[in-house]
Amino acid sequence: PGALVDWSGHAAEIMDQAQADSAITFIVTFGHRPAYSSGHHAGLQTLKDILDQLGATHSKYVLNVCGHSHNYERSYPQQGVVHVTAGIGGANLEDDPSGGCLWAGGCPAPAWSAYRALHHGYLRLHFTENTIFGTAICGPPSDSPSDPNDISCVMGSSFDEFTIPAYQSVGVAREAPALSFGVSQYPNPFDGRTTIRYTLPASARAEVGIYDLS
């Protein structure tokens, strides 16, 4: 009891130093319990309040990774921080079937949730000088009837991708930069199968039309 509050004070001191260090671009935290979660284990309010405050006062703090809930879920930036739950390797998946919805947090997903999935896999993070690239890699499907998957994917492929840019401003309170519209496709050219991905400024329905120009 009291460990999170005690940690927040020490973490703030370290983050203050990192924020002032021109050689450091990103601040990333890794913990066990989620601050934002619509999975079997809900987000912890005390932790959410702490991380929101640290995000609001440290522009370099951009990513928090956790487990605990056996699912994959990525948030939109909250006070500038993207929260990723990646409890999808090893143990059984955790679902809460209720009225056809497998998520304890309900269906559809909460407004803060950018993407979520029940499927085994792992999270890969690639850091460059000014960008973090995140990829959720598909693993084998669950072999337990009591732990159904809610997505299908090819093992080794990606089922979620995101990028986090460096924040240039050193101001105190800030929000994440607005996303722009974009479309990417790979492989290109392709023979028989390809993947088309898109980004939107906000959550919305997308319609894609495909035409054979020949």
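## Buried charges, ring pairs and cores

Asp52 counts as buried, because its relative accessibility of 13% falls under the 20% limit used for that class. The structure is a predicted model, and Asp52 takes part in a salt bridge with Lys48, one of 2 salt bridges counted in it. The points below cover these charged pairs, then the aromatic pairs, the nonpolar cores and a surface patch.

**Salt bridges**

- Lys48 and Asp52 approach each other to 3.1 Å between their closest N and O atoms, and both residues belong to helix H2 (residues 45-57), where a spacing of 4 residues amounts to about one turn of the helix.
- Whereas Asp52 is buried, its partner Lys48 is partly exposed, with a relative accessible area of 23%.
- Asp160 and Arg74 form a salt bridge whose closest N and O atoms are 2.8 Å apart; this pair links distant parts of the chain, with Asp160 in strand E8 and Arg74 in strand E3 (residues 72-75), 86 residues apart.
- Asp160 is buried at 5% relative accessibility, and Arg74 is likewise buried, with a relative accessible area of 14%.

**Aromatic pairs**

- A search of the whole structure gives 5 aromatic pairs, one of which joins Tyr115 and Phe159, with ring centres 6.3 Å apart and planes at 35°, so that the pair is classed as tilted.
- Because Tyr115 sits in strand E5 (residues 113-117) and Phe159 in strand E8, their pairing ties together parts that are 44 residues apart in sequence.
- Tyr115 is partly exposed at 26% relative accessible area, while Phe159 is buried at 8%.
- Tyr72, Tyr115 and Phe159 are linked into a cluster through ring pairs.

**Nonpolar cores**

- The largest nonpolar core comprises 24 residues, and those with the most contacts inside it are Val62, Leu63, Tyr72, Val84, Phe159 and Ile164.
- At least two residues of this core come from each of strand E2 (61-66), strand E4 (82-86), strand E7 (131-138) and strand E8 (158-165).
- Another core, of 13 residues, lies apart from it and includes Ala35, Tyr36, Val81 and Trp112.
- When residues up to four places away in sequence are left out, the contacts of Val62 include Phe26, Ile27, Val81, Ile132 and Ile164.

**Surface patch**

- Val183, Ile196, Tyr198, Val208 and Ile210 make up a nonpolar patch on the surface, with a joint accessible area of about 520 Å².
- Within this patch, Val183 belongs to strand E9 (residues 182-186) and is exposed, its relative accessible area being 56%.
- In soluble globular proteins, by contrast, nonpolar side chains tend to be buried together.

How values were computed:
Residues are numbered from 1 along each chain as its sequence is written. This is a predicted model: local features need pLDDT of at least 70, side-chain atom pairs count only at pLDDT 80 or more; totals for chains, interfaces and linings use all residues. Side-chain values use heavy atoms; hydrogens and water are left out. A nonpolar core is a set of buried Ala, Val, Leu, Ile, Met, Phe, Trp, Tyr and Cys residues joined through side-chain atoms within 4.5 Å. Buried means under 20% relative accessible area, exposed over 50%, partly exposed in between (1.4 Å probe, protein chains only). Contact means heavy atoms within 4.5 Å. Rings of Phe, Tyr and Trp (its six-membered ring) pair if their centres lie within 6.5 Å; planes under 30 degrees apart count as stacked, over 60 as edge-to-face and the rest as tilted. Patches are made of residues with over 30% relative accessible area and no salt bridge: like charges are joined within 9 Å, nonpolar side chains (Val, Leu, Ile, Met, Phe, Trp, Tyr) within 5 Å. Accessible areas come from the Shrake-Rupley method with a 1.4 Å probe; for residues, only the protein chains shown count as cover. A salt bridge is a side-chain nitrogen of Lys or Arg within 4 Å of a carboxyl oxygen of Asp or Glu.
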